[in-house]
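Here are some notes to go with the model you asked about. Have it open beside you as you read.

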Amino acid sequence: MLKHVDSDKNLTKFERIQHGMKRATQRLEKLKAQAANSESEIQAPVVPGNGEFVMSLAIGTPPQSYSAIMDTGSDLIWTQCKPCSQCFNQPSPIFDPKKSSSFSKLSCSTQLCKALPQSSCNDGCEYLYTYGDYSSTQGILATETFTFGDNKVSAPNIGFGCGEDNEGDGFTQASGLVGLGRGPLSLVSQLKEDQFSYCLTSIDSSQKTSTLLIGSLASVNHTSIKTTPLIQNPLQPSFYYLSLQGISVGGSRLPIKKSTFQLQDDGSGGLIIDSGTTITYLEETAFNLVKKEFISQVGLSVDNSGTTGLELCFSLPSDSTQVEVPTLLFHFDEADLQLPAENYMIADSSFGVLCLAMGSSSGMSIFGNVQQQNFLVVHDLGKQTLSFLPTKCDQL
């Protein structure tokens, strides 16, 4: 089960996106900086929230329930652990390794310890892991039994971070994070599964849940599915890069240079798909063309007040019941993906605005989770492809 971080708060869709963007802009900068430098059928419930999606699972023997941000843009799995020198307030009790019979510290000679970006060796393998919004977790790397979903599938000996010093304001709606990137520390890599998929419910369907599927359950065949190759960046091997060839607005293909979204030899540029970033960020020259085309086609006056934090907003006329929104089509390699209007245009009557849920970046572009809502997103690591299938995620 997946759910939004802010699902228990009475927030509008607009407010949820604003919350998520505060972290997302910092995350974008950090991700860009980083880039330039047995078959088990597992399903876990996932809920929408403050720009991120939270999954439910349990750790230890006996299992202790735990909620974690689902993040395809990082690898490490971690939760807050006792004794805590610095822990944020979390919704469930902090994990106590002493109460679990299956907890085991990892030594510094293990492959998982060697895979950490930063580690030291004192009382076993000690790690420091930082994120795109400059939050961090620090503690001991260990193994545990993880239990998933209503069918209580257990996976023993999963390496995870037992965080005793955790800093950052983005985690407080969960108890940690589950990395689903391509690196060796991630959940999918440790389970040795070739496929996983998730389906993100709309940000405004606050109490509705959807699902993360790992293993054979993630497989799907459908005539409406759109499939595009995954690209590897040797300098940032854990990210899921896609080849974006161009964008059309209202049926007009924009004059975006073919090189705009290409991955460069120095590891910069390119476009990643990321469940942990709220809105889509496009390379600045491309975003400016998208913005210009929306302004010319929407036919409303532009709101330049800057009150929303989004880069393009229109003033809604007081008598407007319905506004015609141009279609938006992403031309991925071998897959033309048309987005539902609610995945890119957001109205807010209290502000009296209609905004484009996208922003600009320099260098790396990111396809964010607002744009992925109500698609089953299938990562096939065996075939090195990523697929989109239009799906009512809350009905899965």
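The points below go through the cores, one helix, some aromatic rings and three single residues.

1. Ground rules. The model is predicted, so to speak of local features a pLDDT of at least 70 is needed, side-chain atom pairs count only at pLDDT 80 or more, and totals for chains, interfaces and linings use all residues. Residues are numbered from 1 along each chain as its sequence is written, and side-chain values use heavy atoms, with hydrogens and water left out.

2. The main core. Start with the largest nonpolar core, which has 68 residues. A nonpolar core here is a set of buried Ala, Val, Leu, Ile, Met, Phe, Trp, Tyr and Cys residues joined through side-chain atoms within 4.5 Å. Buried means under 20% relative accessible area, exposed over 50%, and partly exposed in between, with a 1.4 Å probe and protein chains only. Ile-247, Phe-294, Phe-330, Phe-332 and Phe-388 have the most contacts inside this core. Domain 1 (13-218) and domain 2 (226-390) both contribute residues, so the core lies between them; the domain bounds come from an automatic or database domain assignment.

3. A second core. Apart from that one lies another core, of 18 residues, including Leu-76, Trp-78, Cys-113 and Cys-125.

4. Phe-388 up close. What does Phe-388 contact, leaving aside neighbours within four places in sequence? Among its partners are Ser-224, Ile-225, Leu-242, Phe-332, Phe-367 and Phe-375, where contact means heavy atoms within 4.5 Å.

5. Helix H4. Helices (H or I, at least four residues) and strands (E, at least two) are DSSP runs, numbered from the N terminus. H4 covers residues 284-298, 15 in number, and reaches 21 Å from its first C-alpha to its last, close to the 21 Å expected at 1.5 Å a residue; the expected span is 1.5 Å times one less than the number of residues. Its buried residues are Ala-286, Phe-287, Val-290, Phe-294 and Val-298. They cover an arc of only 95° around the axis, which puts them on the same side of H4; the arc is that of the directions from the helix axis to the C-beta atoms. On the face turned away from that buried side sit the exposed residues Lys-292 and Ser-296. Right after H4 comes Gly-299, with a positive phi near 75°.

6. Aromatic rings. How many aromatic pairs does the structure hold? There are 15, counting rings of Phe, Tyr and Trp (its six-membered ring) whose centres lie within 6.5 Å; planes under 30 degrees apart count as stacked, over 60 as edge-to-face and the rest as tilted. Phe-95 and Phe-103 have ring centres 6.5 Å apart and planes at 50°, so that pair is tilted. Phe-146 and Phe-148 make a stacked pair, with 6.5 Å between centres and 25° between planes. Phe-95 and Phe-103 are buried, and so are Phe-146 and Phe-148. These four and Phe-160 form one aromatic cluster.

7. Thr-143. This residue lies in strand S9 (residues 136-148) and is buried, at 11% relative accessible area. Beyond four places in sequence, its contacts include Phe-103 and Phe-160, both members of the cluster in point 6.

8. Ser-197 and Phe-375. Ser-197, in strand S12 (residues 195-199), is buried at 0% relative accessible area. Not counting residues up to four places away in sequence, Ser-197 touches Leu-376, Val-377 and Val-378, among others. Phe-375 belongs to strand S27 (residues 375-380) and is buried at 3%. Phe-375 and Ser-197 are 178 residues apart in sequence and 10.0 Å apart in space, C-alpha to C-alpha.
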